[in-house]
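User: I should like to learn how to read a structural model feature by feature. Could we work through one together?

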Amino acid sequence: TPLQSAEVAASRETWLQRIARREARGDQFGVLAAAQELLRQDPRDLEAGFWEARALTELARYPEARAVLERSLRLHPEAAILVYQRGDNHENSIPEVGREVGEPKALADYGRAIELGLPQRWEREARISRAGLLRDARRWELAEADYRWLATNDPRAPQHLGNLGYLSRSASYREAGRHAEALVDLRRVLQRESELEPPQAAQARYQLAGIHYDRGEVDLAIESARESVRHARKQVELTDRSRYWIVLAAIVRAEGRAREALEVFQDFLTLTPDHLPVLRLSYDLSLELGDRAASASIAELAREHHPESYETDLMAAELLVKKRPAEALKHCERALQASLPLADAFRLRVLCAKLYFGASRTREALGTLGPLVAHLDSTDLETRLEVLALHAGGFDRLGEKDAAQGYARLFLEAAPANDPRRAAAQALLED
């Protein structure tokens with residue numbers, strides 16, 4: 001009867017209002033329950049099917065969401081909102097199914113949903129998602145088209161979303177060496193720098209610093225890198241802002257301003273004192289500067305925040321090597337139990353070997369150095385010569401002349417004429 005139909009419509013509207021309230025506060029379980037109640041009343045309800053699938057997707061229950069979408073799309077095959085949600089499901093499933101599977105499906109569904117005609121809220125979401133996928137796939141011009149649409153049609157932050165397209169394209173131009181074109185896009189972004197959110201402003205300045213440096217415009221590069229740091233300082237929600245400080249430090253260090261570079265790292269550590277990569281960069285730079293107080297302070301931060309890290313043991317071993325060699329050796333041995341990058345393997349094994357030699361444990365020293373021999377061509381000349389000289393001296397201590405002379409010959413072949421260690425290597429050959 002008309003009365004019953006009106007009551008059903010009123011009931012449906014009440015449930016949709018509940019869904020809207022629950023969705024606004026992020027209550028996906030509440031959205032799911034309300035959508036399922038609506039579907040119990042009417043299994044063909046298009047909006048209820050959409051909200052059930054969306055809630056399941058938000059709850060990472062992707063197979064269930066796909067099943068709901070398949071059922072709803074059989075009933076409403078041209079429903080743009082369902083096609084959009086299927087795309088969203090495909091995108092969210094990428095970690096599970098792989099980019100090569102999920103990305104094309106998501107892009108196809110987003111495109112089809114936009115063609116079919118989405119309500120503006122969902123068209124914005126579809127274009128944001130599609131632009132992000134296209135940007136990550138380096139399909140810059142297609143991504144920019146969506147960002148341009150968003151710049152006009154997204155009331156939340158049109159200038160920020162629109163500028164992301166320029167940022168992406170300027171990054172690709174820079175990588176291709178097309179600096180002039182990249183500068184045009186970045187300057188367009190920075191015309192509204194004060195309106196940008198910190199992530200976009202920091203990224204724009206970061207890109208600009210790189211372009212200026214590539215062009216040999218060092219002062220402009222440093223100025224822009226400092227501005228990127230200023231913006232990044234406001235990005236407290238990001239898990240890692242370090243690259244802005246690292247780039248600034250790298251530029252000033254390349255200009256011979258190592259002390260200033262260390263100050264840049266120390267500034268970052270006041271914000272994020274547990275950031276291990278920057279702790280390590282700061283430590284190495286402080287060693288280069290001969291600033292033992294700074295090295296010790298950084299090593300203490302590493303010990304406090306990363307007591308099990310091999311980098312912490314490396315720092316401790318290097319700082320203790322002269323005054324407390326036995327303790328340094330324990331740190332060295334523990335660090336060597338980790339899976340090490342090749343450069344650190346050389347650094348630690350050479351240090352550990354020297355400590356073994358100092359403790360008259362020659363066999364252990366040579367055993368520690370042994371794995372490095374196969375990788376000598378992968379390190380710098382000074383490290384290669386040091387490894388060869390240590391081998392030659394170690395085997396000489398053991399009285400194994402053939403081995404000692406073999407390493408001495410290798411050393412003499414590689415060492416420059418003015419290397420002071422040549423005399424000892426030559427003496428081994430004359431025995």
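User: In which helix is the place of S228?

Analyst: Please keep in mind throughout that this is a predicted model. S228 has its place in helix α13, which covers residues 218-232.

User: Is S228 buried or exposed?

Analyst: The general idea is to compare the relative accessible area with a cut-off: buried means under 20%. S228 has 1% relative accessibility and therefore counts as buried.

User: With which residues is S228 in contact, leaving aside its neighbours within four places in sequence?

Analyst: Contact here means heavy atoms within 4.5 Å. With sequence neighbours within four places left aside, the partners of S228 are A202, R205, Y206 and Y244. Y244 appears again in the largest nonpolar core, as one of the residues with the most contacts inside it.

User: How many residues does that largest nonpolar core have, and which have the most contacts inside it?

Analyst: The core has 70 residues, and those with the most contacts inside it are Y244, W245, L248, C332, L348, L369 and F411. Helix α20, residues 342-358, supplies the largest share of this core, namely nine residues. A second core, separate from that one, has 41 residues, including I19, L73, I81 and W149.

User: What is W245 in contact with, leaving aside its neighbours within four places in sequence?

Analyst: The contacts of W245, with neighbours within four places left aside, are V229, A232, R233, V264, D267, F268 and L271.

User: Let us turn to the chain as a whole. How many helices and strands does the protein chain have?

Analyst: There are 24 helices and zero strands in the protein chain.

User: What radius of gyration does the protein chain have, and what would a compact globule of 431 residues have?

Analyst: The general idea is to set the value of the chain against that of a globule with its number of residues. A compact globule of 431 residues would be near 22 Å, whereas the protein chain has 31 Å. The span of the C-alpha trace along the principal axes gives a further view: about 115 × 45 × 35 Å.

User: What percentage of the residues in the protein chain is buried?

Analyst: Of the 431 residues, 49% are buried. The accessible surface comes to about 21500 Å², and carbon and sulfur atoms account for 51% of that surface.

User: How far apart are the mean positions of the positive and negative charges?

Analyst: The protein chain has 61 positive and 69 negative charges, and their mean positions are 1 Å apart.

User: How does one read sequence separation in the contacts of the protein chain, and what percentage join residues at least 24 apart?

Analyst: One takes the contacts between residues at least 6 apart in sequence and asks how many of them reach further along the chain. In the protein chain, 51% of these join residues at least 24 apart. Individual pairs illustrate how sequence and spatial separation are read together. L186 and L167 are 19 residues apart in sequence, with their C-alpha atoms 6.6 Å apart in space. V387 and A151 are 236 residues apart along the chain, and their C-alpha atoms are separated by 60 Å.

User: Where is L186 found, and what does L186 touch?

Analyst: L186 is found in helix α11, residues 179-190, and is buried, with a relative accessible area of 0%. Not counting residues up to four places away in sequence, L186 touches L167, S170, A204, Q207, L208 and I211.

User: In which helix is V387, and is V387 buried or exposed?

Analyst: V387 is in helix α22, residues 381-397. The relative accessibility of V387 is 0%, so V387 counts as buried. Residues up to four places away not being counted, V387 touches F346, V350, L372 and L376.

User: Finally, which value of phi does A60 have?

Analyst: Most residues other than glycine have a negative phi. A60 is a residue other than glycine with a positive phi, near 60 degrees. A60 lies in the loop between α3 and α4 and is partly exposed, with a relative accessible area of 44%. S360, likewise not a glycine, has a positive phi of about 60 degrees. S360 is found in the loop between α20 and α21, and its relative accessible area of 61% makes S360 exposed.

Methods: Residues numbered from 1 in each chain as written. Predicted model: local features only at pLDDT ≥ 70, side-chain atom pairs only at ≥ 80, totals over all residues. Heavy atoms only, no water. Helix = DSSP H or I, 4+ residues; strand = E, 2+ residues; numbered from the N terminus. Rg over C-alpha atoms; globule rule 2.2 N^0.38 Å. Buried < 20%, exposed > 50% of the residue type's maximum accessible area, 1.4 Å probe, protein only. Areas by Shrake-Rupley, 256 points an atom, 1.4 Å probe, with all protein chains shown as cover. Lys, Arg positive; Asp, Glu negative; His and termini not counted. Charge placed at Lys NZ, Arg CZ, Asp CG, Glu CD. Core = buried A, V, L, I, M, F, W, Y, C linked by side-chain atoms within 4.5 Å.
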